[in-house]
Structures are given as C-alpha cells and as structure tokens.
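Hi,

Here is the structure I promised to pass on. Have a look at it first, and then read my notes below.

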Amino acid sequence: MTVGLLAHGLGGRVDLPVPRGLFVFGAVTALIVSFVALAVLWPEPRLEKRRPRPIRAAWLRSVMSSAVLGWVVRAAGLVVFGVTTLAAFRPVGPTDTIAPVMVFIWFWVGLAILQAVFGNVWAALSPWDTLGRLLQLDPPAYRPPRTYPKALGRWPAAVLLFGFVWFELASPLPEEPRALGIAIVAYTAITVAGMAAFGRAAWLENGEAFGVYFGLLGRISPLVRDDEGLLAIRPVLSGLPHVEPRPGLLALIVVALGSTTFDGLSRTTWWLDATASLTQGATVAAATAGLLGTILAVAAVYSGAMVVAAGVVEASWHPLAVRFAHSLVPIVLAYVVAHYFSFLLIEGQIGLNRISDPLGLGWNLFGTAGWRVNLTIVSATTTWYVQVAAIVLGHIGGVVLAHDRAIALFDRSRAMRTQYALLAAMVLFTATGLLILSGG
Amino acid sequence: MKPSARIAVLVASVAAIVVLFLLLQPGGGDEPGPSRSPSTPTETATATDTGGPSPTRSAAPSAAPTPDVVEIEIEVEDGRVDGRSEYAVPVGERVRIEVQADVADEVHVHGYDLMADVSPGRAAVIAFRADAAGVFEVELEDAGKLLFRLRVTP
C-alpha cells in the first residue's frame, strides 16, 4: 500500500534512477569543486557586503510603486487561494479538482523554483499577508496584545513546515476527501490568530512557514525589492548572507532539506519493497519515522560538522551553526529541483487541465479541460542531466556561501580550517542526494 | 596563491570535469542509438492460460511488422499478488497487462492513467504502447494495493 498523495493520487510515476556513470560524475565533480574552491576562492568576503543596485528605469519604478497594481496582484492571489480552498473540500478524487495540484505541485514546488529565479514574489501574492492587511492587523494603528518573543524566533515556522511535509509525505490524509480543505482552513486560522496576537509583520516573518521558507529561497535570486520598493539587482546568492541568524532558522532549513531527502528515499524501490506488505497504520508509522529520522540525520550531520569547526576556532558550536545555516539553502533548492523537476513538468500538467474545471464540476472555462498529460515532455535523459546539474550547482552554491561567511568571521588560516568539516558535510549531502537519485 | 596560479587551477579543474563528463555520460563511448536495451527480452512474461472466461482481447494480430508484445499476467487471490514486484520493458514496446482477481476492483496504470475493471471471473486487460520512460505503479485502485511496478527504460 502506498501512502501520501505524491505516491498515489498525483504520483504513481517515479523517475528512472540516474545511471551510475552520471552518479560518479556528479560525486567526483562535487569533490573537485570543494577542494578547488578552498584553493582559489576569493580571500576577502565578497557576498557578505553586497548591496542590491536599484534599476532606475522610470516605467519600472511606476509599475513597482503602483498601489493599484499591487492590490490587483493581491486580489488575484486571494482568488486563487479561495478557489483552491473551496476545491479542497470537494469529496472527489485528487485529480478531479485543482486543489491538490495547486498545493503540492504548483505552489510547493513551482513557486519554490520561481522564488529562486525571480525573487520573493510570494510576498506580493501571499493570501495570508493580504488577509492581515484587510483585517488591518498592522501596528501601530492596530495594537497587538503582546510583542513577539524574540527567543521564539522562527520556531513556529519550522514546526508548521514540519506539519505540512508530514501531511504531504507521511500521513494518509491527502487521500481523504476534504482533509486538504480542513488543513488549509486550520493553517489560515493559525496564521490569522498569530497575526492578531503579535501583529501582521511579526507573525509573517516568524510563524508563517511558507513565507519564511519561500523567503529564504527568494534570496538566491538576483532580483530583490529594495527598501524603497524598487526592483534592484544583486549577484546571485548574495541575498543569503543577510539572513538574520535567529533561533529556529536552522531547524526550518533542516526540515526542508530532510523532507525532500525522505521523499526521494520513499520513492526508491528499496523503500517501496520494504513497506509494500505493511498495513496502512504501519505504513504511516514507518513513513513518519522515516521522515523524522531523515530530518534528524541531516541535523546530526550538519551539527557534527559544526562541532568540529567550532573546535578549530574554539567557539561554541550552536551560534556558529546558525551563522552558517544560510549556506544550506542552495542545497535545499538543488534537492527540490532534482526531486521534483519532472514531477512539476509532467504531473503539473494536470493543473493545466483542472484550471478549466477547478472544482470538478464539469466546466471548461478556458477550453483546456480535455488536456491530456504528455508523459514524454521531458525525456529520462534530460531529467538525469537536470538532476545531476542541480545537485552539483547546489553544492557549489553552498561551498561558496560557507567560504564567504568563514573568511568574514575568521582570519584566513582559521577560516580555511573551519571549512573542512563543513565541506565534508556538504559532500555527504551531495553524495546522499545523488545516491538516492540513482538508487531507484 | 597568485592570480595566475589560481586561474591555472580553475582551468585545470574545469577541464577535468569536462573530460569526466565525456567519459561518464550515459550513452557516452560506443552506444549508437537511443533505444537499445539488451537485457529486456528475458523480462517478457509468459502467457499461461489459467482457464476461466477468457478476456475479450488477445495479442493484436493486425499490427504491421509483428511487433513484440510484452505480456504481463497477474493474479490476485485472498489479497495476495501472484507475480513479480517489477517488470521492465524498453520504451516504445507494446505492453499487455492481464489481471485476474477474486475481488471486484479497478486496475490502474499510473502515469499513463489507464484503467480497466476487474471482477471474479473477468480479467482486466490493458494494452498500450509504453512511450514514456519512468517507473509506473500498477495498482488495484479501490484496495490501494500495489500489483507491480512497470519500469520503462530508454
């Protein structure tokens, strides 16, 4: 028995394993890159101090600062959210409405990749942000009953993100009619309550799981909205060193990395065979344990590396671990691309079909209701190349960011020595990612 | 390290990576065509007639130059699946899946999204050309029971 929507309703198709040759290529390339990076990368921090440069084109300025346009986009976001929520309550199969495709493919995977390319578009679209604005939960006009406790940091977002990935990957709930609808309403209630308790902005940057997660991915992009709201450009990845090292940030990143790893693991024939004969309850238990175990394993590997690095510079490891956490974000993106690239392009087509009949009522709004999924839109070979390229590039991004942070914090020789352990951890993540991709 | 040495190291490592890729890419070296897969004929399941009402279809005789049809026969009894957990076919091959079951359900080939009803005494037969590569689950839909995985390889 299969568990989870990805394995069943929307899924049921898995990529072919990456051939051994490409696996070896990816792993060796990651190793070469790591050692070469130590030798040749810049001796002064370069990404840390970079400030985005605004694009001063007049038309772009008027587009970006148009309040009307801003609200049109927000209204569109709210409409899509409303339709999706409504559709998620329809007691029909997972591919009969737009809801599961919208949530698990277009939003969770598609938007994640979009963020990394175009910057934080979610900030302009987020229906929860819009709700907070409509309810006028903004200080100082609105006086929240309490101030957000600093020590809590991003922990609420990390916990809620775990809730989402558990729902998606381990629970039997996506199979249940209406469960997705109930989950969306519950999450919305939590978010509105959080905004009411602490103010809109405070909750969005600490407790709104998707906002925090997508916000991190958006920092990979060369595009950003600067303080004046103008569109600005910056070197790729240079947004990440500006992430504030807050409690819970590392936990959120580790949840993101571990959950994608587990999803890959749970699609290997090894896992499928091992869990094939379990009862549903046992399957859910196994998937929950697998998900938690993978997340903890990622945390252990990273923490272990940071303990070693901290020993080198005689610092305590935890603050150091938080200060390097942003260097894992490119690897998070790499895992998302590698695991979900073909899923987005193939199963994502179900959304093209369902957009004409979002509630599963037999409509044909845009004439695409008869669209049949084209399985051959990406070949197996293309998928393999994209997967290996993503993993290797993610590794390079991580190494570069870690190097930049290390030389910003320490003198050159200590900086070099702190990096060995972290490099080893990154090579391990990369090799594991490749191993899972080739182990189907 | 001097800038010149730095550039030399960079160029050398890029060259090493390129060479590595040329050596290790799939189909690198001597393989000519895209759709060669020598190991597959052994995967062809044999069609043994188990009696009972025969399904409505037999291997299509009319198609042009006698295409090979990979036949996969599965039997479900008391919730147990009689068959291998995975069958492999090369891309482009015609596949014919026949499922006998002692329960009424629906056989679903995921991805290709093909379905056929099955009931005691009435086999489900699904025949199609496996045009897309990937690993596809074939399930008893209502029971949520995995029958086997169809591995379509380029």
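Let me start with chain B. If you take its contacts between residues at least 6 apart in sequence, 65% of them join residues at least 24 apart. Keep in mind that this is a predicted model. Chain B has one helix and nine strands, and along the sequence they run α-β-β-β-β-β-β-β-β-β. Of the 154 residues in chain B, 28% are buried.

Next, the place where the two chains meet. Chain B puts 31 residues into the contact and chain A puts in 29. On the chain B side, the elements that give two or more residues are helix H1 (3–24), strand E8 (134–140) and strand E9 (145–153) of chain B. The most comes from H1(B), with nine residues. If you sort the chain B side by residue type, you get 16 nonpolar, nine polar and six charged.

There is also strand pairing across the two chains. Strand E1 (residues 13–14) of chain A pairs with E8(B) in the antiparallel sense, over two bridges. To find the spot on your screen, go to Val14(A): its bridge partner in E8(B) is Val135(B). So E8(B) turns up twice here, as one of the elements that give two or more residues to the side touching chain A and as the partner of E1(A).

Over in chain A, there is an open sheet of three strands in the order E2-E4-E3, with antiparallel pairing. Which strands stand at the edges? They are strand E2 (53–54) and strand E3 (223–225) of chain A; each has a single partner strand, so one side of each is left without a neighbour in the sheet. E2(A) pairs with strand E4 (residues 231–233) of chain A over two bridges, in the antiparallel sense. Within that pair, Arg53(A) stands opposite Ile233(A) in E4(A).

One last residue to click on is Phe35(A), which is found in helix H1 (residues 20–40) of chain A. Is Phe35(A) buried, exposed or partly exposed? With 14 other C-beta atoms within 10 Å, Phe35(A) is partly exposed, because buried takes 20 or more and exposed means 12 or fewer. If you want a distance to check in your viewer, try Phe35(A) to Ala183(A): they are 148 residues apart along the chain, and their C-alpha atoms are separated by 46 Å.

Cheers

Notes: Residues are numbered from 1 along each chain as its sequence is written. Chains are lettered from A and ligands numbered from 1 in the order in which they are written. This is a predicted model: local features need pLDDT of at least 70, side-chain atom pairs count only at pLDDT 80 or more; totals for chains, interfaces and linings use all residues. Two residues are in contact if their C-beta atoms, placed from the backbone, lie within 7 Å. Helices (H or I, at least four residues) and strands (E, at least two) are DSSP runs, numbered from the N terminus. Ala, Val, Leu, Ile, Met, Phe, Trp, Tyr, Cys and Pro count as nonpolar, Asp, Glu, Lys and Arg as charged, and the others, Gly among them, as polar. Two strands pair if DSSP finds at least two bridges between them.
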